[in-house]
Every structure is written in C-alpha cells, then in structure tokens.
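Subject: Structure handover

Hello,

Here is the structure for you to look at. My notes follow below it.

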Amino acid sequence: MLLSDSNSLAIGFVAAGIAVVFFGSNFLPVKKFETGDGLFFQWIMCAGVWITGFILNLARGSPPFQPLAVVGGVLWATGNVMSVPIIRLIGFSLGLLLWGGVNMIAGWFFANFGIGIDSQAVHGALALSLNYIGVAIALIGMVPMAFIQTNLSQPEINDQIPLNNIDVSVLVNDGLQSEAPEKDIIEKLSPLQRKLFGIGASIFAGILYGSNFIPVQALIDDSDPNNPIKAIDCVFSHFCGILLSSTFWFLLYCAIKKNEPKVFPKAALPGFASGVLWAIAQISLFIANENLDIVIAYPIVCTGPGLVAALWGVLLFKEIQGKRNLSLLIGSFSLTVIGVVLITLSKFYSDPQ
C-alpha cells in the first residue's frame with residue numbers, strides 16, 4: 001500500500017471516529033432543557049451549524065460557492081424537521097431505529113450502486129462479502145437499542161413553559177395555572193394512525209438523511225481531475241442549504257401557529273451549542289467519506305453515534321440501568337463492533353482498480 005494511501009486511510013478513520021463521538025454527543029447541551037415541538041430548537045441549532053461552516057469557509061480562504069451542495073443541506077434539514085413529530089408519533093427508540101437504519105442503508109445503497117454518483121463499491125469476492133455482511137450485522141446491531149428502557153428525568157417547570165405561553169393574568173403564589181391546551185393534529189390521531197404515519201415519516205426522513213451527501217459527491221465526481229473539488233470546500237454551501245431550509249420550515253410553522261410559535265428561551269444557547277457539535281461531526285463525515293469512500297465511512301458513522309449516546313446515558317445521566325438493559329446495550333455494542341470491523345476489512349481486501 002502506498003504511503004499516501006495509508007495516510008488517507010488514517011485520516012479517514014480518525015475523521016469517522018470524531019464524527020461518531022460528536023454525532024453521539026451533540027444533544028448533550030440540551031439534555032436538561034425542554035425543546036417543545038422542536039421547530040424553534042432546530043432553527044437555533046441550524047444557526048450554530050451555519051456559523052461553524054462560515055468560520056470554516058473563512059479558514060479555507062473562501063472557496064467557490066457550490067449551489068448544488070445547497071440541495072444536500074435542504075434534504076438533511078427537511079429530514080431533521082420531521083424528527084420531533086416522528087418521536088411524538090412512535091417514540092424515540094423506534095423512530096431512531098427506523099430512520100437510522102434507513103439512513104445507513106440508503107447512503108450505502110446510493111454509493112455502492114452509483115445512484116446519482118460514481119459507484120464506490122469495493123471489488124473482489126472477499127471484499128464484497130465482508131462489506132455486505134458487515135453492513136447487515138451493523139444494521140442488526142441497532143435493533144437491541146429499541147428495546148432498552150430508560151429512566152428519564154423531567155426538566156424543571158421554568159424550562160417547560162414557552163415564553164409566549166406565559167399569561168400574567170393567571171399567575172398565582174405557588175406557580176402557574178392555565179387552561180388545558182387544545183389538542184394538536186398528532187394528539188387527535190388514533191394509535192394505528194400514529195404508528196402508520198410515524199413509520200412512513202421515519203422511512204422518508206431516513207431516505208432524506210441518506211441522500212444528503214449525493215449532491216456534494218456528484219460535484220466531486222464531475223470536477224476536473226487536475227483541479228478537483230474537495231468535500232471540505234463544499235461544507236459552507238451545504239450548511240447554507242441547511243439554514244435556508246430550516247428557516248423556511250420555521251417561518252411556515254410560525255404562519256400555521258398564527259404568529260404564536262412555542263419559543264423556549266432557555267434552549268437557545270444550548271441549541272446553538274448543539275448545532276456547533278453537529279457541524280463538527282458533519283465536517284468530519286465529509287472528510288471520512290472522501291478518504292475512505294462512502295460505502296466504508298457511512299455505515300460506521302451511522303451506527304456508532306447511537307452507542308455513544310447510550311454510553312452517555314449509562315455513565316453520565318444514569319438513564320440506562322438494570323441487567324436487562326445493560327445486556328441489550330452490550331449486545332448492540334458487540335454486534336456493531338463486529339460489523340464495523342468487517343466493513344473496515346473490506347476496504348483493505350478490495351482489489352485495486
């Protein structure tokens with residue numbers, strides 16, 4: 001193996017590791033704060049994403065803006081807006097399992113079979129077997145996560161009340177009294193309708209997540225070999241698409257709510273910090289994709305963050321306790337590690353082209 005190839009692989013795996021840690025940790029700043037229906041939070045989060053991209057863009061000497069990369073940002077932000085309704089419809093565990101699994105399979109599928117981009121499939125019978133089996137095991141490793149029961153603590157009441165819902169006319173000495181809010185569209189659905197809409201929305205969101213890299217990779221594939229476009233130089237354009245789409249959905253939400261959106265002010269700074277952490281993870285994913293190929297990097301980065309988040313739940317928040325839950329977590333971790341090892345080996349055993 002050439003030294004340059006070894007350096008590229010090292011950079012790719014380090015970047016993938018950083019992406020896994022930061023994707024699995026980006027919601028830590030908002031853990032103790034109520035985010036309501038998520039629309040205000042996602043907008044603030046995407047502002048943090050954009051600022052991080054802007055700083056990177058300046059550090060890179062302001063490379064040319066890539067309009068096609070904006071499309072990828074729009075796809076991701078649209079999927080992100082759907083995450084909170086999905087959690088309300090079918091719960092966090094099942095929602096994460098579905099959209100995370102579809103995300104991984106979609107991203108791997110697009111890259112492996114060259115949907116919209118040049119195929120990045122590994123070559124050779126052994127490499128293909130290792131890659132396919134590794135992806136399947138990594139996907140199976142996500143299943144036990146859906147059955148882990150967590151002990152969640154509730155945010156304080158001051159964090160639960162959105163700014164625009166405070167009515168001084170109903171303040172009393174011991175706290176707040178208010179009439180029960182009118183049921184929204186999700187609360188009016190039957191259990192079967194919730195499940196069907198939740199599953200459908202999870203699959204759709206997973207496809208959007210899994211395709212958000214395609215515009216950037218298409219730019220790289222079609223660029224001049226003598227002056228290739230680097231993935232990191234598409235980050236700012238991609239993040240512009242994220243902020244643009246996020247702002248559109250937030251303004252639409254404000255219009256639907258008749259200019260009375262639920263705003264949780266204490267989630268503002270934590271939400272911004274969450275966006276910065278996510279942006280670092282996404283930048284690292286771009287670097288990993290470029291140095292390892294998407295069929296290697298994407299399955300690793302899609303499966304690892306769930307385990308990191310679970311470890312935070314065990315070590316920091318004490319949310320995951322008991323032999324049953326810890327056994328499920330260990331089983332999920334073991335399967336994921338086996339899958340990642342097989343995917344990694346498929347890169348080394350791939351026949352040169």
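Start at W278. Leaving aside neighbours within four places in sequence, W278 is in contact (heavy atoms within 4.5 Å) with F23, N26, M45, V49, W76, F239 and I242.

Before the rest, the ground rules. This is a predicted model, in which local features need pLDDT of at least 70 and side-chain atom pairs count only at pLDDT 80 or more, while totals for chains, interfaces and linings use all residues. Residues are numbered from 1 along each chain as its sequence is written, and side-chain values use heavy atoms, with hydrogens and water left out.

**Cores**

W278 also belongs to the largest nonpolar core (buried Ala, Val, Leu, Ile, Met, Phe, Trp, Tyr and Cys residues joined through side-chain atoms within 4.5 Å). Buried here means under 20% relative accessible area, exposed means over 50%, and partly exposed lies in between (1.4 Å probe, protein chains only). That core has 65 residues, and W76, F239, I242 and W278 have the most contacts inside it. Helix α12 (residues 294-315) gives the largest share, nine residues. A second, separate core has seven residues, among them F40, V81, Y253 and C254.

**Overall fold**

The chain has 13 helices and zero strands (DSSP runs, numbered from the N terminus: helices are H or I, at least four residues; strands are E, at least two). Of its 353 residues, 45% are buried. Take the contacts between residues at least 6 apart in sequence: 87% join residues at least 24 apart. The chain exposes about 17800 Å² (Shrake-Rupley method, 1.4 Å probe). Carbon and sulfur atoms supply 67% of that area.

**Cysteines**

How many disulfides (cysteine sulfur atoms within 2.5 Å) does a search of the whole structure find? Zero. C240 counts as buried because its relative accessibility is 18%. C254 is buried too, at 12%.

**α4 and α8**

The axes of helix α4 (residues 83-90) and helix α8 (residues 191-211) come within 8 Å and cross at roughly 150° (lines fitted to C-alpha atoms over the stretch in contact; angles run from 0 to 180 degrees between N-to-C directions). From α4, the contact includes S83, I86 and R88. From α8, it includes R194, F197 and Y209.

**V74**

V74 sits in helix α3 (residues 67-81). V74 counts as partly exposed, because its relative accessibility is 30%. Not counting residues up to four places away in sequence, V74 touches G241, I242 and S245. V74 and S246 are 172 residues apart in sequence, yet 7.9 Å apart in space, C-alpha to C-alpha.

Best wishes

Key: Disulfide = S-S within 2.5 Å.
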